[in-house]
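Let's take a walk through this protein, from its overall build down to a handful of individual residues. Have the model open as you read.

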Amino acid sequence: MFRLDGKVALVTGCGTRGEGWGNGKAITVLLARQGATIFGVDRDLDAAKVTQKIIQDEGGTAYVTTADVTQAQEVQSMVNACLEKWGRIDILVNNVGQSEPGGPVEMSEETWDGQMDLNVKTAFLTMKSVLPIMEKQGSGSVISISSVAGLRYVGKPQVAYAAGKAALMQLTKTTAVLYANKGIRLNCVVPGLVFTPLVKRLADKYAGGQFDAFVAHRHKQVPAGYMGDAWDIANAVVFLASDESRYITAQSIVVDGGLTSATP
């Protein structure tokens, strides 16, 4: 089940900064393990190459490059390069995003605009370039990585990130309805609190660098009693990319250990 043989997956944000497994790295490697041919993109080419090496060492097929997916021209060039390299695009994973702290009073307009670009515009631009290709092929699956911050307040002042991730879910849902009769499915995976290398940077931003206390607090926030990891997110992505989920579109699959169903 959940095999992806013969499918080409274009993944943005395919690398992980530093040691360990971030969502993009785990998603890309698991797609390859299930048989997909990978075209990976990341701002950090070195991080992307780490992901590529893991895939190639395991006998998979992957090509990686760098691009700024907030820029329409670079997105189109990236998509063209994928087509030139592998001939088609069956799976698109939008895994670009970033959180910056602040409410609307404290946050600069520049930060707000940057958050909208990273968390919403990137997916809009990739969809704009990839959907016509999938429509011509007669099939495709687009999976965008959102966040529970787009569903409820999760304890951090990050209004632009929360608004952006909420917008991403509605962008996905509306577009999915428009393309449902064209053989193309669009869904979101919505991670809750996930223990990845990013947590260290979040502790620096939101908890004054008190990493251990920040981690313990996040574990306690989750009804399951612990944060998930990148593989929990990757497993959901692979399901939505596979033919076993052929009747699922315009949905947001929440992977959060019960967080959004609990009283804050």
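A salt bridge here means a side-chain nitrogen of Lys or Arg within 4 Å of a carboxyl oxygen of Asp or Glu. Lys-53 and Asp-57 fit that description, with their closest N and O atoms 2.7 Å apart. Keep in mind that this is a predicted model.

**Salt bridges**

The Lys-53 and Asp-57 pair sits within helix α2, where four residues of spacing put the two about one helical turn apart. Both Lys-53 and Asp-57 are exposed.

How many salt bridges does a search of the whole structure find? It turns up seven. Three of them are set out here.

| Pair | Closest N to O distance |
|---|---|
| Lys-53 and Asp-57 | 2.7 Å |
| Glu-58 and Arg-33 | 2.7 Å |
| Asp-243 and Lys-7 | 3.6 Å |

Take Asp-243 and Lys-7, which form a salt bridge with the closest N and O atoms 3.6 Å apart. Asp-243 is in the loop between α8 (230-241) and β7 (252-255), while Lys-7 belongs to the segment before β1 (8-12), so this pair ties together parts that are 236 residues apart in sequence.

Then there's Glu-58, whose side chain meets that of Arg-33 in a salt bridge at 2.7 Å, N to O. Glu-58 lies in the loop between α2 (45-57) and β3 (62-65) and Arg-33 in helix α1 (residues 23-33), so here the parts tied together are 25 residues apart in sequence. Glu-58 is partly exposed, at 45% relative accessible area. Arg-33 also counts as partly exposed, with a relative accessibility of 37%.

**The whole protein**

Stepping back, the secondary structure adds up to eight helices and seven strands. The radius of gyration is 17 Å, close to the 18 Å that the globule rule gives for 264 residues, so the protein is as compact as a globular protein of that length. Along the principal axes, its C-alpha atoms fill a box of roughly 45 × 40 × 35 Å.

What share of the 264 residues is buried? The figure is 50%. As for how the chain packs against itself, take the contacts between residues at least 6 apart in sequence: 76% of these join residues at least 24 apart.

On the outside, the protein exposes about 12,100 Å², and carbon and sulfur atoms supply 52% of that. The charges come to 25 positive and 25 negative side chains, and the centres of the two sets lie 4 Å apart.

**Three buried residues**

Start with Thr-12, which has its place in strand β1. Thr-12 counts as buried, at 2% relative accessibility. Leaving out residues up to four places away in sequence, Thr-12 touches a list of partners that includes Val-41, Val-69, Met-78, Asn-94 and Thr-126. Twelve residues separate Thr-12 from Gly-24 in sequence, and their C-alpha atoms are 7.6 Å apart in space.

Thr-172 is found in helix α5. Buried or exposed? Thr-172 counts as buried, with 2% relative accessibility. Again setting aside residues up to four places away, Thr-172 touches Met-127, Ser-144, Leu-186, Asn-187 and Cys-188.

Gly-150 lies in the loop between β5 (140-145) and α5 (159-179). Which residues does Gly-150 contact, apart from its neighbours within four places in sequence? They are Ala-162, Lys-165, Ala-166 and Met-169. At 18% relative accessibility, Gly-150 counts as buried, since the cut-off for that is under 20%. Gly-150 and Ser-139 are eleven residues apart along the chain, and 28 Å separates their C-alpha atoms.

**Two positive phi angles**

A couple of backbone angles deserve a look too. Phe-2 has a positive phi, near 60°, in a residue other than glycine. Its place is in the segment before β1, and Phe-2 counts as partly exposed at 29% relative accessibility.

Ala-250 isn't a glycine either, yet has a positive phi of about 65°. You'll find Ala-250 in the loop between α8 and β7, where it is buried, with a relative accessible area of 14%. That loop between α8 (230-241) and β7 (252-255) is where Asp-243, the salt-bridge partner of Lys-7, lies as well.

How values were computed. Residues numbered from 1 in each chain as written. Predicted model: local features only at pLDDT ≥ 70, side-chain atom pairs only at ≥ 80, totals over all residues. Heavy atoms only, no water. Buried < 20%, exposed > 50% of the residue type's maximum accessible area, 1.4 Å probe, protein only. Rg over C-alpha atoms; globule rule 2.2 N^0.38 Å. Contact = heavy atoms within 4.5 Å. Areas by Shrake-Rupley, 256 points an atom, 1.4 Å probe, with all protein chains shown as cover. Lys, Arg positive; Asp, Glu negative; His and termini not counted. Charge placed at Lys NZ, Arg CZ, Asp CG, Glu CD.
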